[in-house]
Amino acid sequence: MEPRIGVYVCHCGSNIAGTVDTEEVVRFAQGLEGVVVARDYKFMCSDPGQELIKKDIKELGLNRIVVASCSPTMHEPTFRRVCQEAGVNPYLFEMANIREHCSWVTEDKEEATDKAKALVSAAVKRVYYHQPLETREVSINPNTLVVGGGIAGIQAALKIADSGHKVYLVERTPSIGGHMAQLDKTFPTLDCSACILTPKMTQVGSHPYIELLTYSEVGEVSGYIGNFKVKIRKKARYVDEDKCTGCGLCQTKCPWKVDSEFEVGLGQRKAIYTPFPQAVPNIPVIDKEHCAYFLTGKCRACEKFCEAKAIDFEQEDKVIEVEVGSIILTTGFNLFDPTPIYSYGYKRLDNVITSLEFERMVNSSGPTEGNIVLKDGSAPRSIGIIHCVGSRDEKYHEYCSRVCCMHSMKFAHLVREHLPQTEVYEFYIDIRSFGKGYEEFYNRVLKEGTVFLRGRPAEITDVAETHEEEGKLVVQFEDTLVGRQRRLPVDMVILSCALEPQPDVDAVARLFNISRSADGFFLERHPKLDPVATMTDGIFIAGCCQGPKDIPDTVAQASAAAAEVLAMISKGKVEIEAATAVVDERICSGCQVCRLVCPYNAIDFDAEKGACRVNEALCKACGACIAACFSHAVSLSHYTNEQIVAEMEGALA
Ligand SMILES: Cc1cc2nc3c(=O)[nH]c(=O)nc-3n(C[C@H](O)[C@H](O)[C@H](O)COP(=O)(O)OP(=O)(O)OC[C@H]3O[C@@H](n4cnc5c(N)ncnc54)[C@H](O)[C@@H]3O)c2cc1C
């Protein structure tokens, strides 16, 4: 059929029209071969803009459409749908990005207009050679995998399971709860963290639709949206989960003590342990690295005293295989270790502690039973809290960790609550109290007498220069409000450390085939309009693995991810991209190089035919296999040589 092309140039308000002469681009497009109509409009993505295209398709018999507007990431699906609704195959459409590639990268009107014309010409030439393609549908397995059992994972799992769908919740530590389980009270409402978290943890532990896999990690992921296959390694607990009653006698009788990870080194645990009293499941694990029996072959005290006969030294790691339709990653954050900031003296000077250490210290179920104490057991009479440690710092993390201002002010309040006579100094750069009720909390802390000093401290030292400084930590800083250097002696310093990506974030990103943003956290598909989806269909992210955030935002994101999954489940099927790689079996030499380079594991080898075959549901049309194929046996539908050469010729014309 003779191509009849319609070209539509979008102003995007002044985003494009402020720099590109859109009328000139339209005049130019009208002269291109095959173009029946060319128009410009304020917002092509708006309803009237879409209607304009539909009307022209019907009245002028258009059979190919070019829209010159923004990035296809955003609106290609919109305009493909418009074509389909008007009876044109959605693949007979092409988009020219004259915003990000053109108006946003220069202020020179002439240059911008020339480039817009070149991009439109390229798109028109290309669409000429487009072929209609058929999208396919795959069914959705209604089971979901949630990875990470912090508040984000707990919330997402409960939302989905409460709707009657099965969830596998994988947590790598012996209990769910994440960082929230370590917190004392939570800003701005000051409700006790455990009081709001524990009921949710218990719900997860007993939910008929949640299979809880703690002390476990995902080892392998294959498949595609709606049909993932996941291998989970369940580490040996050396305790039979069916027999254990959670009485805790084994922990009491175990003679070996080591630093507790949960108490961030401020307290100890036994070699057989549950991380904290409210752990879910309430089943201990034996830490093989520190258990006397595993190290020396002697002891077995836990076994002797266990009435339920639950100790099993012969237990081995198990690999469980599950099939799920969608995956939600909620793997959270890691607290920045301030040791590299030598001048702050962490681990070098007594009484310099991190934010998480303070959370445990002030917690009544923590190692000091809620007493804020110095190394010698006495109560501090003055405390300095330093904001932005490792955050907003070019040397470490340039981003703002979002929760530190607020939890630093929470600490000030908690100090005044426990030790009303103690002076509290907050060293800040700017105060970021952005959330609901946060500014009120800031004012409350100010009224309580907390002293705010503007300036990032340069050094903490224990070298006294005056009698007043003797036996104290001295914070040296530039008070930027009065413009002079100052020294402030205090008894304790709390470092409000950055929230950073987990140490294994790269490996996890590769395992699930998702991207990371410049700050290292997992990257969302679109920061505003698709904040919990990833570039890999069927895989979602929520909570601090996407970036630092407080509990309200974490819970909101987790609920959003659950809603995305439930929408997919209720639809029952999903459309997959029609543009994929295709192997010509007659030419394929069977060398399988394409399989090595495919990042999506989308290529199988058919031994009988001696040729490779593309799994269309997995293929993302990245083209890596085509570049690698020595025999030129692979091609990409919608990216044929003919189409690409025409596009280049169009751009150069
Ligand atoms: C000192 C401090 C005080 C804070 N105080 C407050 C406050 O008062 N109010 C407030 O709103 N917010 C506060 N926050 C922020 C709050 O801690 C976070 O918003 C919340 O913990 C984020 O939850 P999450 O589930 O995203 O991540 P996390 O709590 O980090 O949970 C992630 C979970 O995933 C698990 N995991 C990680 N990787 C894997 C893997 N590969 N496989 C399986 N499991 C994995 C981890 O073991 C963990 O259980 C504070 C933060 C800090 C550091």
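Colleague: Helices are DSSP runs of H or I with at least four residues, strands are runs of E with at least two, and both are numbered from the N terminus. With that settled, where is Asn-513 found?

Modeller: Please note that this is a predicted model. Asn-513 sits in the loop between α15 (505-512) and β29 (539-541).

Colleague: What is the phi of Asn-513?

Modeller: Asn-513 has a positive phi of about 60 degrees, although this residue is not a glycine.

Colleague: On to the prolines. Is the peptide bond from Phe-187 to Pro-188 cis or trans?

Modeller: That bond is cis, with omega near -10 degrees. Pro-188 belongs to the loop between β8 and β9 (191-192). The bond from Val-280 to Pro-281 is also cis, with omega near 0 degrees.

Colleague: And where does Pro-281 lie?

Modeller: Pro-281 is in the loop between β15 (272-273) and β16 (285-286).

Colleague: Now the ligand. How many residues surround it, and which are the closest?

Modeller: The ligand is surrounded by 37 residues, and the closest are Glu-171, His-179, Lys-410, Lys-549 and Ile-551.

Colleague: How does that shell divide by class?

Modeller: The shell around the ligand holds 15 nonpolar, 15 polar and 7 charged residues.

Colleague: Which backbone atoms come up against the ligand's oxygen atoms?

Modeller: A backbone N or O atom of Phe-187 lies 2.8 Å from an oxygen atom of the ligand. Phe-187 is also the residue that precedes Pro-188 across the cis bond. A polar backbone atom of Phe-333 is 3.3 Å from a ligand oxygen, and for a polar backbone atom of Asp-550 the distance to a ligand oxygen is 3.5 Å.

Colleague: How much of the ligand does the protein bury?

Modeller: Taken alone, the ligand exposes 1000 Å², and the protein buries 97% of that.

Colleague: Which elements give two or more residues to the shell?

Modeller: They are α7 (151-162), β8 (185-186), β19 (333-335), α12 (355-362), α13 (404-418) and α16 (551-571).

Colleague: Let us follow α13. At what angle does it cross α14?

Modeller: The axes of α13 and helix α14 (residues 438-447) cross at roughly 35 degrees and come within 10 Å. The crossing is left-handed. On the α13 side, the contact is made by Met-406, Met-409, Lys-410, Ala-412 and His-413; α14 contributes Tyr-438, Phe-441, Tyr-442, Arg-444 and Val-445. By class, that contact has 7 nonpolar, 1 polar and 2 charged residues. Lys-410 thus appears in this contact and among the residues closest to the ligand.

Colleague: What about α3 and α4: is their crossing left-handed or right-handed?

Modeller: α3 passes α4 in a right-handed crossing. Helix α3 (residues 47-60) and helix α4 (residues 72-85) pack at about 35 degrees, with their axes 9 Å apart.

Colleague: Which residues make that contact?

Modeller: Gln-50, Ile-53, Lys-54 and Ile-57 do so from α3, and Thr-78, Phe-79, Arg-81, Val-82, Cys-83 and Glu-85 from α4. These residues divide into 5 nonpolar, 2 polar and 3 charged.

Terms used: Residues are numbered from 1 along each chain as its sequence is written. This is a predicted model: local features need pLDDT of at least 70, side-chain atom pairs count only at pLDDT 80 or more; totals for chains, interfaces and linings use all residues. Side-chain values use heavy atoms; hydrogens and water are left out. A residue is near a molecule or strand if one of its heavy atoms lies within 4 Å of it. A polar contact is a pair of N or O atoms within 3.5 Å; within protein, one must be able to donate a hydrogen and the other to accept it, and residues adjacent in sequence count only if both atoms are side-chain atoms. Accessible areas come from the Shrake-Rupley method with a 1.4 Å probe; for residues, only the protein chains shown count as cover. Ala, Val, Leu, Ile, Met, Phe, Trp, Tyr, Cys and Pro count as nonpolar, Asp, Glu, Lys and Arg as charged, and the others, Gly among them, as polar. Axes are lines fitted to C-alpha atoms, for helices over the stretch in contact, and angles run from 0 to 180 degrees between N-to-C directions. A crossing is left-handed if the near helix is turned anticlockwise from the far one by less than a right angle, and right-handed if clockwise. Contact means heavy atoms within 4.5 Å.
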